[in-house]
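User: Could you take a close look at one part of this model for me, namely the charged pairs and the pocket that some of them border? I would love a connected walk through it.

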Amino acid sequence: MLIEQILIQTVNGIVTGMILALVASGLTLIFGIMDVVNFAHGEMFMLGAYVGVITYAATGDFWVAFVIATLTIAALGAALYWTTLRPLLGRDSLTTILATFGISLVLQNYALWQFGPVARRIPEPVSGHFTFFYLDYPWYRLIIALMSAAIIGGLWLFLKFGTFGIWIRATMQDRVMAQAMGIPVPMVLTAVFAIGSGMAAASGVLFGPLVGVNHAMGLDWVLKGFIVVVVGGMGSLGGSVAASILISLLEAYASLFVSPAQAVIVSFVVLILTLLFRPTGLFVRTPR
Amino acid sequence: MNAEPEPMRPPLMQIGDIHTYYGKSHVLYGVSLEVGRGEVVGLLGRNGVGKSTTLKAIMGLVRPSQGTVLFEGQSVTHMQSDKLARLGIAYVPEDRRIFRLLTVTENLRTGLDRHGVTDSRKKELLEKIQHYFPVLAERRNQAGGTLSGGEQQMLAIARAMMLEPKIILLDEPTEGLMPRMVSQVRQIVDVLHGEGVAILLVEQNVPLTLEVSQRIYLMEKGTIKHHALASELRVTDAVIHQYLGV
């Protein structure tokens, strides 16, 4: 019995971990390239889910909703960057923290005002189940994990081989020299913010069918996203994925013994231990 | 060696009365100099007189509070450095600033992947690098940070060449290099000169600067104190001794 439970929780942990990885890779990309701790990232997740709800209601197609939500929120991210963050770059990081926190509050309350406090639902695009020990396990959960892995893998390929990916990585390492090499750094920064926001929105839509969409749904995710970014190493994409899965697995196992609400404590324990013993991140090979 | 640029032709780059500050400290007090097309110009002076700051001010990395930078007759003062790079001004900083986590090839691609460069042109440029810097070709898939200091200097120069610049601002390229690497830097300066690329060379190595340059500016305390043809100066001259203490 216990072995079965552990296997089930392993699958659950990986599924949650992949969504978390999708949220956190946007966060770590934005942090890595412009040293901005983006507190509004959770609201990109939440608004993405709402745009998904609206487009689904209009089109009846989950995947159309998924694509439109991702693109809409990517554009919103770019607009937010230009209006709010760009003028603050290079100042004390506290100013960008306050600015993004402010954006987060405004967007949350906008969503509450616009959509009301009752959770909306996006139906699952795939409704089948398969038998997993004594459970009817939904196929959709596995699809979430695969979609997230595909998006993160695509991002990795894009960063690794594309010209724009090289521009992003060069800008990450030395913004001034990148610009002196003719790289249009302001455009690169805007694009990174748009990509990060779009990824948050994509995870919001994917996650929507599991619990319903409400105005505060981004909070949990951004909090866990920050833990992942610290544990995985700031700005490290691979580290974020590894840390997301590690933390989600630990929480899933912990909830075998305590209630899921208490299992969250595990994340914080990992965070504190990381900060104490490996402050540059667990999965960073060469601390700079 | 090229002849002196004709006085009637507008110079490639003209810097007029540049003043800069770091915080409250006044660093450059009205620097004026010019570089002709295809000309190698040396900028000499002791440590901390503002040579590197002059290059940074041209490249838009330090904002001049006063003064103008003209490139091909157009004002480029306060222009963003990415636009300057696309106009044909390349910068090789003193600390090299190669992208340490990018491979050698990726470092080169930061300058190579521009609009309007055809694939065959890219191939030619990379072959040129392979020819002049065989060691970089050997290490093309290695991270820039794993190269030796001399190899990093070669990469910094090669990366600047990828921009096909009209002028290269070269900041102390031989600093801390072994003699063999110094002569390689010297060679590549001659090659660039032969191709008609202008160079504004900041150096501490006086004999090398006098050999490769056509004209020399001597700086002291944030301003240009002396200007001469390189052929008229000797390492032992009183004026060199006065401003450089050699």
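Analyst: Happy to! One cut-off first: a residue counts as buried under 20% relative accessible area, as exposed over 50%, and as partly exposed in between. Please keep in mind that this is a predicted model.

With that scale, A:Lys224 is partly exposed, because its relative accessible area is 23%. The partner of A:Lys224 in a salt bridge is A:Glu251, with the closest N and O atoms 3.2 Å apart. The pair ties together parts that are 27 residues apart in sequence, because A:Glu251 lies in helix H10 (residues 237-254) of chain A and A:Lys224 in helix H9 (residues 217-232) of chain A. Unlike a partly exposed residue, A:Glu251 is buried, at a relative accessible area of 11%.

Both residues turn up again in the second largest pocket, where A:Lys224 and A:Glu251 are among the residues nearest the centre, together with A:Thr16, A:Phe207 and A:Pro260. The volume of this pocket is about 720 Å³, and 22 residues line it. Helix H1 (2-34), helix H8 (185-211), H9, H10 and helix H11 (260-263) of chain A each give two or more residues to that lining. By character, the lining residues split into 13 nonpolar, five polar and four charged.

Now for chain B. B:Arg114 and B:Glu164 form a salt bridge of 3.2 Å, N to O. This pair also links distant parts of its chain, 50 residues apart: B:Arg114 sits in the loop between helix H3 (104-112) and helix H4 (119-132) of chain B, and B:Glu164 in the loop between helix H6 (149-161) and strand S7 (167-171) of chain B. B:Arg114 is partly exposed, with a relative accessible area of 23%, and B:Glu164 is partly exposed as well, at 33%.

A local pair in chain B is the salt bridge between B:Arg186 and B:Asp190, at 3.3 Å from N to O. These two residues are four apart in helix H7 (residues 179-194) of chain B, so about one helical turn separates them. B:Arg186 is partly exposed at 25% relative accessible area, and B:Asp190 is partly exposed at 28%. Elsewhere in the chain, shared partners join salt bridges into one network that holds B:Arg114, B:Arg121, B:Glu124 and B:Glu164.

To set these pairs in context, the structure holds 18 salt bridges over all chains.

Note on methods: Residues are numbered from 1 along each chain as its sequence is written. Chains are lettered from A and ligands numbered from 1 in the order in which they are written. This is a predicted model: local features need pLDDT of at least 70, side-chain atom pairs count only at pLDDT 80 or more; totals for chains, interfaces and linings use all residues. Side-chain values use heavy atoms; hydrogens and water are left out. A salt bridge is a side-chain nitrogen of Lys or Arg within 4 Å of a carboxyl oxygen of Asp or Glu. Buried means under 20% relative accessible area, exposed over 50%, partly exposed in between (1.4 Å probe, protein chains only). On a 1 Å grid over the protein atoms alone, a cavity is a set of points where a 1.4 Å probe fits but cannot get out, and a pocket is an open set with protein on both sides within 12 Å along at least five of seven lines; lining residues have an atom within 4 Å of a point. Grid points are joined across faces, edges and corners, and a volume is the space filled by probe spheres set on the points. Ala, Val, Leu, Ile, Met, Phe, Trp, Tyr, Cys and Pro count as nonpolar, Asp, Glu, Lys and Arg as charged, and the others, Gly among them, as polar.
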